[in-house]
2 protein chains.
Amino acid sequence: MNKLEKQSDLILKNNGLSVTSSRKKILEVFLSAETALEHQDIEKIVTQYDRVTIYRTLQTFLDKGIIHPIPTTDNSIKYAVCSETCVKTGHHHDNHVHFFCDKCGKTECLDDVAIPSVILPSGYDMHEINMVVNGTCKTCRA
Amino acid sequence: MNKLEKQSDLILKNNGLSVTSSRKKILEVFLSAETALEHQDIEKIVTQYDRVTIYRTLQTFLDKGIIHPIPTTDNSIKYAVCSETCVKTGHHHDNHVHFFCDKCGKTECLDDVAIPSVILPSGYDMHEINMVVNGTCKTCRA
DNA sequence: AAGCATTTTGCAACAAAGTTGCATTCATCG
DNA sequence: CGATGAATGCAACTTTGTTGCAAAATGCTT
């Protein structure tokens, strides 16, 4: 087992999931991806597994907090692996800005850009906060 | 024509759209809605028109900047009418925070809560910014 | 107000995305 | 290694979104 496989293996075990080849493979895809992925992307990369398996695996990863969803305006949900702390604590706390590139269509986590706090009108109770910036990414502008 | 109908009529004309009964009705639904709506919601309210017409109408409204999309993590896109200035200038500039209630599932525009600015890493070019807060809304908490 | 050109609508057919039940296969643990 | 419970693949189905085309409605001109 190489480093990536070991990491994938460990994450699954730490989350009380049985280690199956589909879960390992899909998780490895996420771990080595530089951008957020949607169901369709996974399906194209991991052709050896059934569509249904991919749906169920994504749902499992979501439930365990291994991946987090990134909101989009294009009838899809993109997912990215949660940060180390996020996976460890089990409590999802995704405090960074996401960037969607209008040119290449890729979404990435800007881990270094923290979401600024906002003050809600009284009566509103905040649980989670998401910030997505659209624009042109580093690669496409270069 | 009541006030709502007049307003709807005016918005369509100002945007160079022919005034058809479906467009008027759908726009009135948006104008009188307190929350953001997705395709499905419209379809349930406006049962007299074809599914396809609703898809096309939403697309037309989007193109003209009459409504704006709000990103979600549930494989849907919610829409809300743009603010006065937004419709007037034709240039979409949606600078407020959106709130999604985990209890009732409704999304609303917090027009009074401005999106704070963020500084992106160098190389990134920002065009648009979206902020969605999840939690419990005023009504559900009361 | 009537006719005409153009746009919009509804229908039908289709494509894509997501869900569910069930039998088979696989991972884990003793 | 064998038993047990979980995960997978398949099939069938539902929902969601798209496209082409004929019919209908809109707005313009007269």
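Helices (H or I, at least four residues) and strands (E, at least two) are DSSP runs, numbered from the N terminus. This is a predicted model, in which local features need pLDDT of at least 70, side-chain atom pairs count only at pLDDT 80 or more, and totals for chains, interfaces and linings use all residues. Residues are numbered from 1 along each chain as its sequence is written, chains are lettered from A and ligands numbered from 1 in the order in which they are written, and side-chain values use heavy atoms, with hydrogens and water left out.

**Exercise 1. Describe the fold of chain A.**

Step 1. Take the elements. Chain A has six helices and six strands. Their order along the sequence is α-α-β-α-α-β-β-α-β-β-β-α.

Step 2. Judge the compactness. The radius of gyration, taken over C-alpha atoms, is compared with the globule rule, 2.2 Å times the number of residues to the power 0.38. Chain A has a radius of gyration of 16 Å, close to the 14 Å that the rule gives for 142 residues, so chain A is as compact as a globular protein of that length.

Step 3. Add the dimensions. The C-alpha trace of chain A spans about 45 × 40 × 30 Å along its principal axes.

Step 4. Look inside. Buried means under 20% relative accessible area, exposed over 50%, partly exposed in between (1.4 Å probe, protein chains only). Of the 142 residues in chain A, 44% are buried.

**Exercise 2. Relate chain A to chain B.**

Step 1. Superpose the copies, by least squares on the C-alpha atoms of residues with pLDDT of at least 70 in both. A rotation of 179° with 0.0 Å of shift along its axis places chain A on chain B, at an RMSD of 0.1 Å.

Step 2. Interpret the rotation. The two copies are thus related as by a two-fold rotation axis.

Step 3. Compare the surfaces. Contact means heavy atoms within 4.5 Å. The same surface serves both copies, as 100% of the contact residues of chain A recur in chain B.

**Exercise 3. Place A:D74 in its surroundings.**

Step 1. Locate the residue. A:D74 is in the loop between β2 (67-70) and β3 (78-81) of chain A.

Step 2. Classify the exposure. A:D74 counts as partly exposed because its relative accessibility is 41%.

Step 3. Find its partners. A polar contact is a pair of N or O atoms within 3.5 Å; within protein, one must be able to donate a hydrogen and the other to accept it, and residues adjacent in sequence count only if both atoms are side-chain atoms. The side chain of A:D74 makes such a contact with the side chain of A:T72 at 2.7 Å. Another, of 2.8 Å, joins the side chains of A:D74 and A:S76.

**Exercise 4. Work out what lies around DNA strand D.**

Step 1. List the residues. A residue is near a strand if one of its heavy atoms lies within 4 Å of it. DNA strand D is surrounded by 18 residues, the closest being A:S22, A:T53, A:R56, B:V19 and B:Y55.

Step 2. Assign the elements. α4(B) provides the largest share of this surface, four residues.

Step 3. Check the phosphates. An N or O atom in the side chain of A:T53 is 2.5 Å from a phosphate oxygen of DNA strand D. For a polar side-chain atom of B:Y55, the distance to a phosphate oxygen of this strand is 2.7 Å.

**Exercise 5. Repeat the search for DNA strand C.**

Step 1. List the residues. DNA strand C has 18 residues around it, with A:Y55, B:S22, B:R23, B:T53 and B:R56 the closest.

Step 2. Assign the elements. α4(A) gives the most to the surface near DNA strand C, four residues.
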